[in-house]
Amino acid sequence: MEKEDRKILVAFFSHKGENYSQGKMVQLEKGNTAVAAELLAEALGGADVFEIRRQQEYPQEYRACVNVAVQEKKDNARPQLAEDVDISAYDVVCLGYPNWCGTMPMPVWTFLENHVWEGKRLLPFCTNEGSGMGNSEKDLKELVVGAEIREGLPIHGTYVKEAGAALREWIHKQL
């Protein structure tokens, strides 16, 4: 299948509100991963985009959000999603998420486990403040059976708005 014939979905989880950036708290109107997902969809010429959202939203306040995320990870929770998307028509899924607790937020695990990945190409990208992809690529290999998982792209959240060129270069190597 030619690159141009592939049907591509950009699925992402993001968190807006209070966030940690370069040693201080900042207020984000739009989460870093949402910004990266928009830049990626633009680089792809308008790919379909789906936001993975937890049915019960996370707290906006940073410390409260971290406490919930840590407890979910400890409990190996699978939070219910606000909605889902049918991925069966897509050949490639670009999956974006912030590095939480050294891996993906637990709603991303729910999303991954809700779908059949056989024959799909999965391209992970991860926003972070210096922790890179964490263990997420290892976790993806265990969770997403049957997919071809390509090398992920870590994106420093503080500089996400300037990541367009890096996203374009990465995506064209991965397709």
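# Exercises on a predicted model

Y58 and W100 are both buried, where buried means under 20% relative accessible area, exposed over 50% and partly exposed in between, computed with a 1.4 Å probe on protein chains only. A word on the ground rules: residues are numbered from 1 along each chain as its sequence is written, and side-chain values use heavy atoms, with hydrogens and water left out. The model is predicted, so local features need pLDDT of at least 70 and side-chain atom pairs count only at pLDDT 80 or more, while totals for chains, interfaces and linings use all residues.

## Exercise 1: an aromatic pair

Work out how the rings of Y58 and W100 are arranged, and which parts of the chain they tie together.

Step 1. Start with the rule: rings of Phe, Tyr and Trp (its six-membered ring) pair if their centres lie within 6.5 Å; planes under 30 degrees apart count as stacked, over 60 as edge-to-face and the rest as tilted.

Step 2. The structure holds 7 aromatic pairs. In the pair of Y58 and W100, the ring centres are 5.0 Å apart and the planes stand at 90°, so this pair is edge-to-face.

Step 3. Now place the two residues. Y58 belongs to the loop between β4 and α2, and W100 to the loop between β5 and α3 (106–113), so the pair ties together parts that are 42 residues apart in sequence. Helices (H or I, at least four residues) and strands (E, at least two) are DSSP runs, numbered from the N terminus.

Step 4. Add the third member: F13 joins Y58 and W100 in one aromatic cluster.

## Exercise 2: two helices and their buried residues

Compare how α3 and α5 place their buried residues.

Step 1. In α3, the buried residues are M106, P107, V108, W109, T110, F111 and L112. That is 7 of the 8 residues, so α3 is largely enclosed by the rest of the structure.

Step 2. Look for the partners. The buried residues of α3 pack against β1 (8–12), β4, α2, β5 and α4 (136–143), with contact meaning heavy atoms within 4.5 Å.

Step 3. Turn to α5 (residues 164–174), whose buried residues are G164, L167, W170, I171 and Q174. They cover an arc of only 130° around the axis, which puts them on the same side of α5; the arc is that of the directions from the helix axis to the C-beta atoms.

Step 4. The buried residues of α5 pack against α1, β5, β6 and β8.

## Exercise 3: a strand in its setting

Describe the two faces of β8 and its pairing with β6.

Step 1. Strand β8 (residues 153–156) has L153 and I155 on its covered face, with P154 and H156 on the uncovered one.

Step 2. β8 and β6 (residues 121–128) pair in the parallel sense over 4 bridges; two strands pair if DSSP finds at least two bridges between them.

Step 3. For a landmark, find N128, which stands opposite H156 in β8.

## Exercise 4: salt bridges

Find where R53 and E83 lie and what their salt bridge ties together.

Step 1. Apply the criterion: a salt bridge is a side-chain nitrogen of Lys or Arg within 4 Å of a carboxyl oxygen of Asp or Glu. By this rule the structure has 9 salt bridges.

Step 2. The side chains of R53 and E83 form a salt bridge with an N to O distance of 3.0 Å. R53 sits in the loop between β4 (48–51) and α2 (62–75) and E83 in the loop between α2 and β5 (92–98), so the pair ties together parts that are 30 residues apart in sequence.

Step 3. Check the accessibility. R53 is partly exposed at 33%, and E83 is partly exposed at 43%.

Step 4. Try another pair: E38 and K30 meet at 2.8 Å, N to O. E38 has a relative accessible area of 43% and K30 one of 38%.

Step 5. Finish with a network: R121, E148 and R150 are linked by salt bridges. Within this network, R150 and E148 meet at 3.3 Å, N to O.

## Exercise 5: cysteines without a bond

Why do C65 and C126 each lack a disulfide?

Step 1. A disulfide is a pair of cysteine sulfur atoms within 2.5 Å, and the structure holds 0 of them.

Step 2. For C65, the closest cysteine sulfur is in C101, 9.3 Å away, which is too far for a bond. For C126, the closest cysteine sulfur is also in C101, 12 Å away and again too far.

Step 3. As for their surroundings, C65 is buried at 5% relative accessibility, and C126 is buried at 0%.
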